[in-house]
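These exercises take a reader through one protein model, step by step. Each task is followed by a worked solution.

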Amino acid sequence: MFERFTASARDVVRGAPAYANGTGPGTVGEGELLLALLDGKGSPGAEALGALGVRERRASVEHALGEARRRGGLSSADAEALAGLGIDMTEIVSRVEREHGAGALSAASGPAKRRGRSLRGPFAPEAKAVLERSLRVALGRGDKYIGDEHLLLAMVTGPGLAAAVLAEHGVTHADVIRALERPAAAS
């Protein structure tokens, strides 16, 4: 499948492990793929995120991903849903971190970190699912390649952390489709 990836899609996949190691978990998840996609310049997916204002709000996106990591991968929407059931995730995270140290609910203390993984850290199931969905998205659009735009569409197509964080920042699947179609309509 990787041979079908464009240079920009390969850059995302290769860039994501640096974020995984930099933030602690050692495994690549949707958040790391999203951050690597935000690094892109001139590619369809990166330009769509720029047109939607996500690039300017990168710090906020990084913060939202970091908070979700602290909550063991739960998005703000997940935490709000639990709050509706009377479960205060902020209090739970605080208690766990008091007892076991900062970031205890993140995967930072898991086996991948202890084994000292390199920048080629393993891909978590949710990241693998994004990569697999990107192939289905490309095929569904009639494309014979997988570009970073397909990775972006795969992130916002299904439920997951990237889709939740983008939604918190006002970006929906429909917005991404419109942003990706704008350049095609202009040419």
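**Exercise 1. Orientation of H2 and H9**

Task: Determine how H2 and H9 are oriented to each other.

Solution: H2 and H9 are oblique to each other. In this predicted model, the two helices pack at an angle of about 140 degrees. An angle over 145 degrees would count as roughly antiparallel, and 65 to 115 degrees as roughly perpendicular. The value for H2 and H9 (residues 148-157) falls in neither range, therefore the pair is classed as oblique. Their axes are 11 Å apart, and the crossing is left-handed.

Next come the residues in contact. On the H2 side they are Glu30, Leu33, Leu34 and Leu37. On the H9 side they are Asp148, Leu152 and Met155. Sorted by class, this contact has five nonpolar, no polar and two charged residues.

**Exercise 2. Orientation of H2 and H4**

Task: State whether H2 is roughly parallel or roughly antiparallel to H4, and describe the contact of the two helices.

Solution: Start with the geometry. H2 and H4 pack at an angle of about 165 degrees, and 11 Å separates their axes. Angles over 145 degrees count as roughly antiparallel, so H2 is roughly antiparallel to H4. H2 passes H4 in a left-handed crossing.

Then list the residues that meet. H2 contributes Gly31, Glu32, Leu34, Leu35 and Leu38. H4 contributes Arg58, Val61, Glu62, Leu65 and Arg69. By class, the contact of H2 with H4 has five nonpolar, one polar and four charged residues.

**Exercise 3. A network of salt bridges**

Task: Find which residues are linked with Arg58 in a network of salt bridges, and say where each lies.

Solution: Take one pair at a time. The side chains of Arg58 and Asp39 meet in a salt bridge with an N to O distance of 3.0 Å. This pair links distant parts of the chain, since its members are 19 residues apart. Arg58 belongs to helix H4 (residues 58-70), while Asp39 is in the loop between helix H2 (30-38) and H3.

The second pair is Glu62 and Arg58, whose side chains meet in a salt bridge at 2.6 Å, N to O. Both residues lie in helix H4, four residues apart, which is about one turn of the helix.

Arg58 takes part in both pairs. Asp39, Arg58 and Glu62 are thus linked in a network of salt bridges.

Finally, compare accessibility with the cut-offs. Buried means under 20% relative accessible area, and exposed means over 50%. Arg58, at 17%, is therefore buried. Asp39, at 37%, counts as partly exposed, and Glu62, at 36%, is partly exposed as well.

**Exercise 4. A salt bridge of Arg141**

Task: Name the residue with which Arg141 forms a salt bridge, and say whether that residue is buried or exposed.

Solution: The residue is Asp143, with the closest N and O atoms 3.8 Å apart. That distance is within the 4 Å limit for a salt bridge. Asp143 has 19% relative accessibility, so Asp143 counts as buried. Arg141, at 42%, counts as partly exposed. In total the model has four salt bridges.

**Exercise 5. The surroundings of Ala16**

Task: Describe where Ala16 is found and which residues Ala16 touches.

Solution: Ala16 is part of helix H1 (residues 7-23). Its relative accessibility is 0%, so Ala16 counts as buried. Leaving out residues up to four places away in sequence, Ala16 touches Val28, Glu32, Leu33 and Ala36. The C-alpha atoms of Ala16 and Phe123 are separated by 9.3 Å, although the two residues are 107 apart along the chain.

**Exercise 6. Helix H3 and the whole chain**

Task: List the buried residues of helix H3, then say how many helices and strands the protein chain has.

Solution: In helix H3 (residues 44-51), the buried residues are Gly45, Ala46, Ala48, Leu49 and Gly50. Gly53 follows H3 and has a positive phi, near 80 degrees.

For the whole chain, the count is eleven helices and zero strands. Of its 187 residues, 43% count as buried. Among contacts between residues at least 6 apart in sequence, 61% join residues at least 24 apart.

Conventions: Residues are numbered from 1 along each chain as its sequence is written. This is a predicted model: local features need pLDDT of at least 70, side-chain atom pairs count only at pLDDT 80 or more; totals for chains, interfaces and linings use all residues. Side-chain values use heavy atoms; hydrogens and water are left out. Buried means under 20% relative accessible area, exposed over 50%, partly exposed in between (1.4 Å probe, protein chains only). Axes are lines fitted to C-alpha atoms, for helices over the stretch in contact, and angles run from 0 to 180 degrees between N-to-C directions. Angles under 35 degrees count as roughly parallel, over 145 as roughly antiparallel, 65 to 115 as roughly perpendicular and the rest as oblique. A crossing is left-handed if the near helix is turned anticlockwise from the far one by less than a right angle, and right-handed if clockwise. Contact means heavy atoms within 4.5 Å. Ala, Val, Leu, Ile, Met, Phe, Trp, Tyr, Cys and Pro count as nonpolar, Asp, Glu, Lys and Arg as charged, and the others, Gly among them, as polar.
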